[in-house]
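Dear colleague,

I am passing on the structure we spoke about, and I would be glad if you looked it over before reading my notes underneath.

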Amino acid sequence: MISPLFRCTEFFQKSNRSPIATDMDGTLTRRGKFTPALLQALEDLASADIKVLIVTGRSAGWVSGLSALMPVAGAMAENGGLYFPPGNQKPVVLTAISDLAQHRQHLAMTFEKLQTKFPQIQESADNRFRITDWTFDVAGLSQDELQTLDSLCQQMGWGFTYSNVQCHIKPQGQDKAVGLLQVLREYLPQYSPEQIVTVGDSPNDESLFNRRYFPVSVGVANVLEYVNQLKYHPAYITNAAEGEGFCELSSYILKSLHIPS
């Protein structure tokens, strides 16, 4: 059962400024864009010494530029494939890939095989800037077609997931939770997974809702569109959707710490 956000106020009061690990598209954005209110919420959290980590399915190239411009404490790209530490440091590949060039060739071949059965699928515009996964646009694909694509990828030895923007062909075992747990162990060992507030809205955020690792997970209201496709559900949910839902969460956290937002 998903509880309203206000029911986790006690956690925020006791959390001593727990970090937030959040998806981006459909969670921080509103209709695909960042709003002034969202950017202010991120600034307010940073001023309160609350770390925000971006955990997105977007490409390495896209995340590299964006994370350097936002008030965040680091960013993961490609659904756990890479981590960009704060301060424009060199990105870290989280998934063990021995030969990246050969890996891209195998991904391209897999996509071509999928196109023989689904000729309408088109490579995403940002796919050329990716390292660990391969993406194509999710628009126009039915739930049955997405399930078939998932099965085909599994048969060929690949993982598959999708968001409200893209479908991802990825290494099996690569997901947001696996990547986030690795980042916590290696770069933020002062925090345990139980201290992290995870936030998302789509099927590719599902692993962030696994209460075995992250007991305090939050879905912005639009996650309800996918609730029947999710094995794991967020523990709490905002009243508002998309970026407005994240702003609602930010306000709850700051108020619980008696910090004006």
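To follow the notes on strands, it helps to know that two strands pair if DSSP finds at least two bridges between them. Please also keep in mind that this is a predicted model.

The open sheet has 9 strands with mixed pairing, and their order is S1-S12-S11-S10-S2-S3-S4-S5-S6. Its edge strands, each of which pairs on one side only, are S1 (3-4) and S6 (92-93).

At the S1 edge, the partner is strand S12 (residues 236-237), and the two run in the parallel sense over 2 bridges, with Pro4 standing opposite Ile237 in S12. Ser3 also belongs to strand S1, and, once its neighbours within four places in sequence are left aside, Ser3 is in contact with Ala235, Tyr236 and Ile237. Is Ser3 buried or exposed? Ser3 has a relative accessible area of 16%, and because buried means under 20%, Ser3 counts as buried.

Two helices are worth following next. In helix H3 (residues 60-69), the buried residues are Ala60, Val63, Leu66 and Ser67; seen down the axis of H3, they fall within an arc of 135°, so they line one face of the helix. This fits the general pattern that an α-helix has 3.6 residues a turn, so residues three or four places apart point the same way. The buried residues of H3 pack against S4 and S5.

Helix H6 (residues 176-187), for its part, lies across S2, S3, S4, S5, S6 and S10, and runs at about 140° to S4.

With best wishes

Technical notes: Residues are numbered from 1 along each chain as its sequence is written. This is a predicted model: local features need pLDDT of at least 70, side-chain atom pairs count only at pLDDT 80 or more; totals for chains, interfaces and linings use all residues. Side-chain values use heavy atoms; hydrogens and water are left out. Helices (H or I, at least four residues) and strands (E, at least two) are DSSP runs, numbered from the N terminus. Contact means heavy atoms within 4.5 Å. Axes are lines fitted to C-alpha atoms, for helices over the stretch in contact, and angles run from 0 to 180 degrees between N-to-C directions. Buried means under 20% relative accessible area, exposed over 50%, partly exposed in between (1.4 Å probe, protein chains only). The arc is that of the directions from the helix axis to the C-beta atoms.
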